[in-house]
Amino acid sequence: MEKSKLSFFYHLACDRAHVLLDDLYESLHDEDGNPVLEAEVINTSIDAVSNVIREELSIIKSALDEHTEGKGE
């Protein structure tokens, strides 16, 4: 894999994670901008975002592995 493609995958995964965190921040507040206080709601949101972010981080690792294997390193 070329370095530019590797960089693309890094950007893609990080951008998706960034969007997820922005969405999480918004979901931690009600429509009036007040923070949500229900621990169960917060914990569920955090768990969901954590799982998807782990997937994005896995994309980064996989892309690096593919790049490295393609170079014979």
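**Packing of two helices in a predicted model**

Threonine 68 is found in helix H2. In this predicted model, threonine 68 has a relative accessible area of 23% and is therefore partly exposed, since buried residues fall under 20%. Along the sequence, threonine 68 is separated from methionine 1 by 67 residues, yet the C-alpha atoms of the two lie 8.1 Å apart in space. A contrasting pair is formed by serine 62 and aspartate 32, which are 30 residues apart in sequence and 41 Å apart from C-alpha to C-alpha. Serine 62 also belongs to helix H2, and its relative accessibility of 42% places serine 62 in the partly exposed class.

The arrangement of the helices was examined next. Helix H1 covers residues 3-27 and helix H2 covers residues 39-71. The two helices pack with their axes 9 Å apart, at an angle of about 175°. Because this angle is over 145 degrees, H1 and H2 count as roughly antiparallel to each other. The contact of H1 with H2 comprises 18 nonpolar residues, together with 3 polar and 3 charged ones.

The lengths of the helices were compared with expectation. The 25 residues of H1 reach 36 Å from the first C-alpha to the last, close to the 36 Å expected at 1.5 Å a residue. For H2, with 33 residues, a span of 48 Å is expected at 1.5 Å a residue, and the end C-alpha atoms are indeed 48 Å apart.

The buried positions were then listed for each helix. In H1, the residues Leu6, Ala13, Ala17 and Leu24 are buried, and the buried residues of this helix pack against H2. In H2, the buried residues are Ile42, Ser45, Val49, Ile53, Glu56, Ala63 and His67, and these pack against H1. In an α-helix there are 3.6 residues a turn, so residues three or four places apart point the same way.

Two of the buried residues of H2 illustrate the contacts made with other parts of the chain. Serine 45, in helix H2, has a relative accessible area of 19%, which is under 20%, and so counts as buried. When residues up to four places away in sequence are not counted, serine 45 touches Leu24 and Ser27; Leu24 is itself among the buried residues of H1. Histidine 67, likewise in helix H2, is buried at 8% relative accessibility. With neighbours within four places in sequence left aside, histidine 67 is in contact with Met1, Glu2, Lys3 and Leu6. Of these contacts, Leu6 is listed among the buried residues of H1.

A search of the whole structure for salt bridges returned 1. This salt bridge joins the side chains of arginine 16 and glutamate 56, with an N to O distance of 3.7 Å. The pair links distant parts of the chain, as arginine 16 is in helix H1 and glutamate 56 is in helix H2, 40 residues apart. The partners fall into separate accessibility classes: arginine 16 counts as partly exposed at 39% relative accessibility, whereas glutamate 56 counts as buried at 8%.

How values were computed:
Residues numbered from 1 in each chain as written. Predicted model: local features only at pLDDT ≥ 70, side-chain atom pairs only at ≥ 80, totals over all residues. Heavy atoms only, no water. Axes fitted to C-alpha atoms, helices over the stretch in contact; angles between N-to-C directions. Helix = DSSP H or I, 4+ residues; strand = E, 2+ residues; numbered from the N terminus. Parallel < 35°, antiparallel > 145°, perpendicular 65-115°, else oblique. Nonpolar A, V, L, I, M, F, W, Y, C, P; charged D, E, K, R; others polar. Salt bridge = Lys/Arg side-chain N within 4 Å of Asp/Glu carboxyl O. Buried < 20%, exposed > 50% of the residue type's maximum accessible area, 1.4 Å probe, protein only. Contact = heavy atoms within 4.5 Å. Expected span 1.5 Å × (residues − 1).
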